[in-house]
Amino acid sequence: MITGVIRNKIDKIWTDIWAGGITNPLTVIEQLTYLMFIRSLDEKELENEEFENMSGEPMPKIFPQSAAGQSMRWSKFKNNDPRQIFDIISQRVFPSIKNLKYGRLPDFNASGELEEIPDDPTKSDDGNTAFARYMSDAMFLIPTPQVLQKIITGLDDLYEHDIADLDMQGDLYEYMLGKLATAGQNGQFRTPKHIREMMVELLRPTPDDIICDPACGTAGFLVSAAEYIRAHYEDTMTSEQWEHFAGPAFTGFDTDRTMLRISAMNLMLHSITTPNIDYKDSVSKQNQISDRFTMCLANPPFKGTIDAESIHDNLKAVTNTKKTELLFLALFLRMLQKGGQCACIVPDGVLFGSSTAHKAIRRELIKNHQLRAVISMPSGVFKPYAGVSTAILIFTKTGAGGTDKVWFYDMQADGFSLDDKRTAIAENDIPDIIARFHNPDGEAARARTEQSFFVPKQEIVDNGYDLSINKYKKTEYVAVEYASTAEIMAELQELEMEITRGLAELEEML
């Protein structure tokens with residue numbers, strides 16, 4: 001858990017970077033990610049050395065055994081002169097981690113040039129390469145030795161005194177990601193942690209699930225799913241399930257290489273060392289995946305359109321559109337195995353849009369698969385990013401129908417104020433949503449005037465597949481009794497007399 005002391009230390013590091021001229025939150029996180037990764041390599045090397053000394057069994061080395069190679073270790077350079085630290089990181093460490101291969105850093109030759117690690121057909125990429133794969137175009141942007149030293153000192157203090165385990169590292173990273181307060185150019189923005197956790201609780205992933213977020217951003221949904229699995233199954237998981245958990249269980253795609261670096265680091269800090277994090281335009285023809293995953297969790301980009309020629313043909317066959325929010329729904333259906341579940345966030349327009357494409361995707365979900373729930377969220381959930389109204393769709397891929405009735409819930413509060421400040425409040429519908437969703441028998445008799453209720457499939461079909469909750473919710477009007485006209489006039493006269501007396505008293509004082 002991130003305490004006030006830890007928050008203050010992170011904020012101090014953030015302020016030092018900001019004072020150095022780096023003001024874009026995404027760039028700050030990216031630069032901190034590099035330094036955290038550099039430190040984690042040395043931590044891993046120290047663990048290997050300790051095991052080697054205790055067991056006598058030789059362990060693979062991450063850092064070259066040369067003087068130049070050993071100088072790149074965090075524990076070796078952290079107490080050096082600021083200018084030396086800056087030179088080591090910018091000229092040795094950073095170029096070296098861009099060429100990390102088979103879990104090893106390359107050495108430098110006598111001329112100070114980086115030596116390439118030769119290909120080894122007997123080995124496969126492991127561990128750190130999930131992050132290193134996207135380092136080729138990374139840039140080291142810390143401006144001065146003094147700023148770099150402050151960051152290193154601050155991070156070292158955090159790790160030495162405040163961060164006890166991987167969970168704490170993940171919490172620290174989540175707190176930093178919380179400082180991302182602007183949407184990306186393609187309409188992507190970070191999903192609040194409590195909303196992600198609610199969606200995961202609704203689907204209840206298991207250690208055997210194969211989970212995908214085809215618009216992963218910072219990998220928040222994958223991290224939340226991993227945390228749920230560890231919390232509920234950690235004591236009973238087999239070695240095969242742990243091996244599955246370390247990588248194959250989690251897949252994420254994105255078209256922003258900065259986001260891929262950040263997501264890979266985020267997953268590594270949550271014990272997922274070899275996830276399938278890949279650069280891919282999920283709705284394009286380069287993505288051929290189908291019938292692979294048992295679960296999809298996502299908040300796909302809402303705004304903008306893409307080149308019609310690049311859209312995969314089998315997505316256009318379901319909903320002929322260039323709107324990404326509709327294409328991603330068709331994509332989830334394609335990528336899921338039969339019986340696979342999906343929980344995704346969509347803008348309200350998806351629920352009631354009258355275009356042929358909008359109706360087509362809603363018809364597909366209801367007629368050919370099992371649409372289970374529509375949870376309408378208040379418009380302030382994504383502030384300060386945007387005030388867009390959204391909903392959560394939960395469905396199961398069947399290929400043979402199965403929608404009998406659809407559960408609707410009208411969320412009024414999520415535990416935070418619905419303004420830009422998003423401060424914590426007592427009102428919170430999330431526990432109620434989770435409890436009601438997993439108790440469908442208790443929902444059957446609810447009236448349309450309540451916060452949640454079922455709507456039969458045929459009624460939705462008769463309404464043109466409209467999924468807007470306002471289409472089905474009934475409002476109960478309560479008669480309000482007002483005072484009679486005579487009573488109101490008497491009150492006004494009494495007020496007038498009080499004002500007159502007050503004015504007279506004031507005049508006497510003058």
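Here is a chat between a trainee and a mentor about helix packing, sheet pairing and one buried residue in a predicted model.

Trainee: Let's start with the helices. Why is H14 called roughly parallel to H16?

Mentor: Look at the crossing angle. The axes of H14 (residues 324-335) and H16 (residues 356-368) cross at roughly 25° and come within 10 Å. Angles under 35 degrees count as roughly parallel, so H14 is roughly parallel to H16. The crossing of H14 past H16 is left-handed.

Trainee: Which residues in H14 and H16 meet?

Mentor: From H14 you have Leu326, Leu329, Ala330 and Leu333, and they meet Ala357, His358, Ile361, Glu364 and Leu365 in H16. Sorted by class, this contact has seven nonpolar residues, one polar and one charged.

Trainee: And what makes H1 roughly antiparallel to H7?

Mentor: Again, the angle. H1 (residues 4-19) and H7 (residues 145-161) pack at about 165°, and their axes are 9 Å apart. Anything over 145 degrees counts as roughly antiparallel, so H1 gets that label against H7. H1 also passes H7 in a left-handed crossing.

Trainee: What does the contact of H1 with H7 have by class?

Mentor: On the H1 side, Ile6, Lys9, Ile10, Ile13, Asp16 and Ile17 take part; on the H7 side, Val147, Lys150, Ile151, Gly154, Leu155, Asp157 and Leu158. By class, the contact of H1 with H7 has eight nonpolar, one polar and four charged residues.

Trainee: On to the sheet. How do you know that E3 and E11 are the edge strands?

Mentor: Read along the order, E3-E2-E1-E4-E5-E7-E6-E8-E11, nine strands in an open sheet. E3 (276-279) and E11 each pair on one side only, and they are the edge strands. Neighbouring strands are turned by 15° against each other on average, with direction ignored.

Trainee: What makes the pairing in this sheet mixed?

Mentor: Follow E8 (residues 405-410) to both its partners. E6 (residues 370-377) pairs with E8 in the parallel sense over four bridges, and Val374 stands opposite Phe408 in E8. With E11 (residues 452-456), E8 pairs in the antiparallel sense over five bridges, and there Trp407 stands opposite Phe454. Both senses turn up around E8, and the pairing of the sheet is mixed.

Trainee: How do you know that E1 and E2 count as paired?

Mentor: Count the bridges. At least two are needed, and three join E1 (residues 211-213) to E2 (residues 250-254), with the strands running parallel. Cys212 stands opposite Thr251 in E2.

Trainee: Why is E8 called mostly covered?

Mentor: Five of the six residues in E8 are buried, and buried means under 20% relative accessible area.

Trainee: Which helices lie across the sheet strands?

Mentor: H9 (residues 193-203) is one of them: it lies across E4 (293-298), E5 (336-347), E6 and E7 (390-396), running at about 150° to E5. H14 lies across E1, E2, E4, E5 and E7, at about 160° to E5.

Trainee: Last one: why does Thr319 count as buried?

Mentor: Thr319 has 0% relative accessibility. The cut-off for buried is under 20%, so Thr319 counts as buried.

Trainee: Where is Thr319, and what is it in contact with?

Mentor: Thr319 is in the loop between H13 (313-316) and H14. Leaving aside neighbours within four places in sequence, Thr319 is in contact with Leu326, Leu327, Ala330, Ala357 and Ile361. Leu326, Ala330, Ala357 and Ile361 also appear in the contact of H14 with H16.

Definitions and conventions: Residues numbered from 1 in each chain as written. Predicted model: local features only at pLDDT ≥ 70, side-chain atom pairs only at ≥ 80, totals over all residues. Heavy atoms only, no water. Axes fitted to C-alpha atoms, helices over the stretch in contact; angles between N-to-C directions. Helix = DSSP H or I, 4+ residues; strand = E, 2+ residues; numbered from the N terminus. Parallel < 35°, antiparallel > 145°, perpendicular 65-115°, else oblique. Left-handed = near helix turned anticlockwise from the far one by under 90°. Contact = heavy atoms within 4.5 Å. Nonpolar A, V, L, I, M, F, W, Y, C, P; charged D, E, K, R; others polar. Buried < 20%, exposed > 50% of the residue type's maximum accessible area, 1.4 Å probe, protein only.
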